[in-house]
Amino acid sequence: MSDDEQRGRGASSAHRVDGLLGDLRAADEQPVAPRRRADAERNRAQILAAAERLFAEQDPRSVTMDRIAKAAGVGRATLYRSFPDPPSVAVALLDEHERRLQGLLIHGPPPLGPGAEAGERLAAFYLAMLDLLERHLPLALGAETGPARFGTGAYGFWRVHVRTLLVDHGVEDPDPLVDIALSPLSPELFQFQRDRLGLSTERIGRSLTTFARQLLRSGGPA
């Protein structure tokens with residue numbers, strides 16, 4: 001084999017090796033984020049499904065991260081990468097249901113949505129919140145009890161909504177009244193009235209709609 005042929009063969013081999021290495025490097029540099037995102041989403045779905053069962057089966061305040069991890073079949077590290085504590089898991093579960101209600105308050109038909117008198121809108125809001133508590137009380141107890149309730153994004157949204165109704169009605173100093181108007185919707189209070197006092201959700205709702213209409217009487221400022 002001539003020197004030129006040897007050089008040509010060497011160049012050809014180098015080209016093939018470089019091509020192979022280039023392909024390997026390119027493959028190694030391909031983003032793996034989609035697969036990681038898929039794994040993370042699958043883990044999150046398992047965690048939320050397991051946590052929802054636990055919150056429904058026992059006192060939500062007794063649910064621990066260890067129990068959630070075991071029920072979901074994931075490691076503690078995986079769980080803590082997604083959520084710092086049990087209330088944050090409950091918040092994530094409750095968030096979807098609360099977002100639907102938030103959308104209705106902004107864009108839905110009256111009296112829940114815009115277009116009705118402030119008192120009627122507040123009454124409709126009370127009934128919608130009672131329905132949410134009735135259907136998802138374990139989650140609400142796990143996410144929104146005690147001082148933690150006031151720090152949730154949902155509470156902030158409810159607060160803005162009720163304050164807007166008070167302002168629209170002409171209340172001069174609405175800020176102290178906002179939290180008073182929201183206090184009947186505490187998950188702990190609802191549980192006490194329903195389970196300890198035996199009051200039906202319908203009976204509680206009738207009282208709250210009367211309260212809302214008296215608080216914000218139609219036809220003029222309070």
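In this predicted model, a good place to begin is Tyr155, which is buried, its relative accessible area being 4%, because a residue counts as buried when that area is under 20%. Tyr155 has an aromatic partner in Phe150: the two ring centres lie 5.2 Å from each other, the planes make an angle of 90°, and the pair is edge-to-face. Across the whole structure, a search for such aromatic pairs finds five.

Phe157 and Trp158 provide another of these arrangements. Their ring centres are 5.6 Å apart and their planes stand at 90°, so this pair too is edge-to-face, given that planes over 60 degrees apart are assigned to that class. How exposed or buried are the two partners? Trp158 is buried, with 3% relative accessible area, while Phe157, at 25%, is partly exposed. Both residues also belong to one aromatic cluster, in which they are joined by Phe125, Tyr126 and Phe211.

Attention now turns to helix α10. This helix runs over residues 201-215, and its 15 residues should span 21 Å at 1.5 Å a residue; the C-alpha atoms at its ends are indeed 21 Å apart, so expectation and model agree. Which residues of α10 are buried? They are Thr201, Ile204, Gly205, Leu208, Thr209, Ala212 and Leu215. Looking down the axis of α10, these buried residues fall within an arc of 135°, and they therefore line one face of the helix. On the face turned away from that buried side sit Glu202 and Arg206, both exposed. What do the buried residues of α10 pack against? Their neighbours are three helices: α6 (118-143), α8 (175-182) and α9 (187-196).

A last stop is Glu52, found in helix α2, which covers residues 33-57. Glu52 has a relative accessibility of 35%, so it counts as partly exposed, a class that lies between under 20% for buried and over 50% for exposed. Leaving aside residues up to four places away in sequence, Glu52 touches Leu93 and Leu139. Along the chain, Glu52 and Leu93 are 41 residues apart, yet their C-alpha atoms are separated by 7.4 Å.

Conventions
Residues numbered from 1 in each chain as written. Predicted model: local features only at pLDDT ≥ 70, side-chain atom pairs only at ≥ 80, totals over all residues. Heavy atoms only, no water. Helix = DSSP H or I, 4+ residues; strand = E, 2+ residues; numbered from the N terminus. Expected span 1.5 Å × (residues − 1). Buried < 20%, exposed > 50% of the residue type's maximum accessible area, 1.4 Å probe, protein only. Arc of directions from axis to C-beta. Contact = heavy atoms within 4.5 Å. Phe/Tyr/Trp six-rings, centres within 6.5 Å; stacked < 30°, edge-to-face > 60°.
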